[in-house]
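This briefing describes the structure displayed below, beginning with the overall fold and ending with selected local features.

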Amino acid sequence: MTNVAVIYYSSTGHTHTLAVAAAEAAEKAGAEVRLRKVRELAPEGAIAANQAWAEHAAATADVEEATLADLEWADVILFGTPTRFGLPAAQLKQFIDTAGGLWFQGKLVNKVASSFVSTSQVHGGQESTLLALNNTFYHWGAIIVAPGWADPIQFAESNGNPYGASHVSNNTNRPGEENLGAVEFQARRAVEIATALKVGLQAA
């Protein structure tokens, strides 16, 4: 069995929608899946002042928060984040920054890693955010599995991102069928490669 941790941050729900689709696709591909959100860092006042943010926080209150145990357990790590000035959200970055102990012990080596993103604008930093997350994976010794152009869904007009599934919300639009199809393909691809790697390492 391949273990998949889908770890994400989402303020108003766009990235959460992608994360749920990724988790469901990984399960359908035969993996055991943990869907986890990272801890919120924003003050309660800021959340309460934004209706969509407050509603999403309430709607996902039952989603478990990610722990380092989830990273250690996983064969596949899928990170999801909105972009913040071309970088991952601080909430996800803070969680990543706590993984130094696992990194030092070599417990993140050879894990399959991939990421997906949501932005409010076209050219809003999707690629730079995904590439920034790849920097983490390099340091971990993880195996980056990007979707590339390996499936027809990647050529859909609203996708076209070989680095990772992405969605443009314009602050209101939820991920559509093509966006969900892209993140589902990405999750399946990650599971398939991780499973093949496990079989190969066991046979070696």
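The chain is made up of eight helices and seven strands, and the model is a predicted one. Its 204 residues would give a radius of gyration near 17 Å in a compact globule, and the 16 Å found for the chain therefore agrees with that expectation.

**Overall dimensions and packing**

- The C-alpha trace extends over about 55 × 40 × 30 Å along the principal axes of the chain.
- Of the 204 residues in the chain, 49% are buried.
- Among contacts with a separation of 6 or more, 77% are made by residues 24 or more positions apart.

**Surface and charge**

- The chain has an accessible surface of about 9800 Å², and carbon and sulfur atoms contribute 54% of that area.
- Its side chains include 13 positive and 20 negative ones, with a distance of 6 Å between the centres of the two sets.

**Helix H5 and its surroundings**

- Helix H5 covers residues 90-97, and its residues Gln91, Leu92, Phe95 and Ile96 are buried.
- These residues lie on the same side of H5, because the arc they cover around the axis is only 140 degrees.
- Two strands, S1 (3-8) and S3 (76-84), pack against the buried residues of H5.
- Helices H4 (68-73) and H7 (126-140) also pack against the buried residues of H5.

**Backbone at positive phi**

- Most residues other than glycine have a negative phi. The two residues described next have positive values.
- Asparagine 110, a residue other than glycine, has a phi near 70 degrees. Its position is in the loop that runs between helix H6 (100-104) and strand S5 (112-119).
- The relative accessible area of asparagine 110 is 43%, so this residue is classed as partly exposed, a category that lies between the 20% and 50% limits.
- Histidine 123 is likewise not a glycine, and its phi is positive at about 60 degrees. This histidine belongs to the loop between S5 and H7.
- Histidine 123 counts as exposed because its relative accessibility is 78%, and the exposed class requires a value over 50%.

**Points to inspect in the model**

- Which elements pack against the buried residues of H5? They are strand S1, helix H4, strand S3 and helix H7.
- Where does histidine 123 lie? The loop between S5 and H7 contains histidine 123.

Key
Residues numbered from 1 in each chain as written. Predicted model: local features only at pLDDT ≥ 70, side-chain atom pairs only at ≥ 80, totals over all residues. Heavy atoms only, no water. Helix = DSSP H or I, 4+ residues; strand = E, 2+ residues; numbered from the N terminus. Rg over C-alpha atoms; globule rule 2.2 N^0.38 Å. Buried < 20%, exposed > 50% of the residue type's maximum accessible area, 1.4 Å probe, protein only. Contact = heavy atoms within 4.5 Å. Areas by Shrake-Rupley, 256 points an atom, 1.4 Å probe, with all protein chains shown as cover. Lys, Arg positive; Asp, Glu negative; His and termini not counted. Charge placed at Lys NZ, Arg CZ, Asp CG, Glu CD. Arc of directions from axis to C-beta.
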